[in-house]
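Biologist: I'm new to reading models like this, so could you take me slowly through just one part of the one below?

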Amino acid sequence: MSGLTSNTIKEISIKGKKTYSPFFTYMAPVKGFYLERPAFVASKKEFKTAVLRNKAKRRARSAFFSIFGNKKAVFGLFLLKKAILKEKFSSLCDSFKNLM
């Protein structure tokens, strides 16, 4: 299966392995689901405006790809937290390094 749909998100959140960080929650995809790239989700409940949601996703993508490049080993679902906007970029990169 390819792509990220609401059913895919439900399956991953129920059955996937979760790893917690101060900046995000990583959910590894379950067998049978393939993600072509990492998915960064900034909820409206956590980030009130679209500007903040987009900024959080941009920071997370930038940190992720600066560490991993295009390795397919860590593709999964990242639920972003508010702390991602307040912390230094280097701390965010370290958090992604600790994921592996």
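In which element is S66 found?

Modeller: S66 is found in helix 2, so let's stay with that helix and then look at what surrounds it. Keep in mind that this is a predicted model, where local features need pLDDT of at least 70 and side-chain atom pairs count only at pLDDT 80 or more, while totals for chains, interfaces and linings use all residues. Residues are numbered from 1 along each chain as its sequence is written, and side-chain values use heavy atoms, with hydrogens and water left out.

Helix 2 covers residues 50-68. By helix I mean a DSSP run of H or I with at least four residues, and by strand a run of E with at least two, both numbered from the N terminus. The chain has four helices and four strands, in the order α-β-β-β-α-β-α-α from the N terminus.

Now for how covered things are. Buried means under 20% relative accessible area, exposed over 50%, and partly exposed in between, using a 1.4 Å probe and protein chains only. S66 counts as partly exposed because its relative accessibility is 47%. K55, also in helix 2, is partly exposed too, at 40%. A56 is in that helix as well, but it is buried, because its relative accessible area is 0%. Over the 100 residues of the chain, 37% count as buried.

K55 has company: with R37, R58 and R61 it forms a positive surface patch. A patch takes residues with over 30% relative accessible area and no salt bridge, joining like charges within 9 Å and nonpolar side chains (Val, Leu, Ile, Met, Phe, Trp, Tyr) within 5 Å. A salt bridge here is a Lys or Arg side-chain nitrogen within 4 Å of an Asp or Glu carboxyl oxygen. Lys and Arg count as positive, Asp and Glu as negative, with His and the chain ends not counted. Each charge is placed at NZ of Lys, CZ of Arg, CG of Asp or CD of Glu, and areas come from the Shrake-Rupley method with a 1.4 Å probe, with only the protein chains shown as cover for residues.

What about partners from elsewhere in the sequence? S66 and F96 are 30 residues apart in sequence, yet their C-alpha atoms are 9.8 Å apart. A56 and K81 are 25 residues apart along the chain, with 8.4 Å between their C-alpha atoms.

Finally, how far can you trust it? pLDDT is the predictor's confidence in each residue, from 0 to 100. The chain averages 81, and 74% of the residues score at least 70. Helix 1 (residues 6-15) has the lowest mean of the elements, 66, and helix 3 (residues 83-86) the highest, 92. Where pLDDT is low, don't read the predicted coordinates in detail.
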